[in-house]
Amino acid sequence: MSSELACVTCILDHLEREETALCCHIGRADVFTVAVQLVQRLRDAGQTALFASGFTPRPAWWNRFLPQSSVSWFAGTAGCSQKTAAEIIAQLPVSVNKRLSFNAGNPRCFLAIAALAYSRPDVLVYTTSGMDPRGRNSLQSSIDNIAAGTRAIHILNSPDPASSEGNCPSQSPMKCVCCSGEIEK
């Protein structure tokens, strides 16, 4: 069993036992592989699950001809009106540039999570890879508001996940769990 698959199995075990949102410290396993496999397993079990990662906007050359706004991207992704998208973006605890391609890691992550949370899936899996510590802390402290009505699962690498459990650097209201993915021989 790969370390990523071991992490997914561990997270699923915690999901069955816990009623709260989870912050899953996965050691050195690949965050994106774990997130994608977790979402697939949840979907196979009949739940609506989405993975919010820092999105990639259209290619840079495209924006020379038809620049995309953050509001129009959000509205298209969330399936809401541009007015609703603008209202949601204005409530985010991070400054979002009007032009989508001008946003760095923190605003991109906030936009992706908020847009996918708008559809109220059963489970929203996300990572804070690419965010700076201030952005990560801001997201973690506001995730209950952004993803209200959705069970949030934060997946992050930790060099020593066992020591991080219960002592999460993000000071999140989520329950921290260790799913190191270490394969026992």
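## Exercises on helix α7, a core and a ring pair

The buried residues of α7 are G135, R136, L139, Q140, S142, I143 and I146, and the exercises below start from this helix in what is a predicted model.

**Exercise 1.** Describe α7 by its span, its kink, its N-terminal end and the elements against which its buried residues pack.

*Solution.* Begin with the span: α7 has 14 residues and reaches 18 Å from its first C-alpha to its last, which is close to the 20 Å expected at 1.5 Å a residue. Next, follow the helix to Q140, on which a kink of about 35 degrees is centred. Then turn to the N-terminal end, which D132 caps with a side-chain oxygen 3.2 Å from the backbone nitrogen of R134. Finally, look outward from the buried residues of α7, which pack against β1 (22-25), α6, β3 and β4.

**Exercise 2.** Find which residues touch the most other members of the largest nonpolar core, and which element supplies its largest share.

*Solution.* This core has 33 residues, and those touching the most other members are F74, L92, L111, I113, Y126, L139 and I143. Among the elements that each supply at least two residues are α6 (105-117) and α7 (133-146). The largest share, eight residues, comes from α6.

**Exercise 3.** Classify the aromatic pair of F32 and F51 from the angle between its planes.

*Solution.* The structure holds one aromatic pair. The centres of F32 and F51 lie 6.0 Å apart, with 65 degrees between the planes; because an angle over 60 degrees counts as edge-to-face, the pair is edge-to-face. It links F32 in helix α2 with F51 in strand β2, 19 residues apart.

Terms used
Residues are numbered from 1 along each chain as its sequence is written. This is a predicted model: local features need pLDDT of at least 70, side-chain atom pairs count only at pLDDT 80 or more; totals for chains, interfaces and linings use all residues. Side-chain values use heavy atoms; hydrogens and water are left out. Rings of Phe, Tyr and Trp (its six-membered ring) pair if their centres lie within 6.5 Å; planes under 30 degrees apart count as stacked, over 60 as edge-to-face and the rest as tilted. Helices (H or I, at least four residues) and strands (E, at least two) are DSSP runs, numbered from the N terminus. A nonpolar core is a set of buried Ala, Val, Leu, Ile, Met, Phe, Trp, Tyr and Cys residues joined through side-chain atoms within 4.5 Å. Buried means under 20% relative accessible area, exposed over 50%, partly exposed in between (1.4 Å probe, protein chains only). The expected span of a helix is 1.5 Å times one less than its number of residues. The bend at a residue is the angle between axes fitted to the seven residues ending there and the seven starting there. Contact means heavy atoms within 4.5 Å. A polar contact is a pair of N or O atoms within 3.5 Å; within protein, one must be able to donate a hydrogen and the other to accept it, and residues adjacent in sequence count only if both atoms are side-chain atoms.
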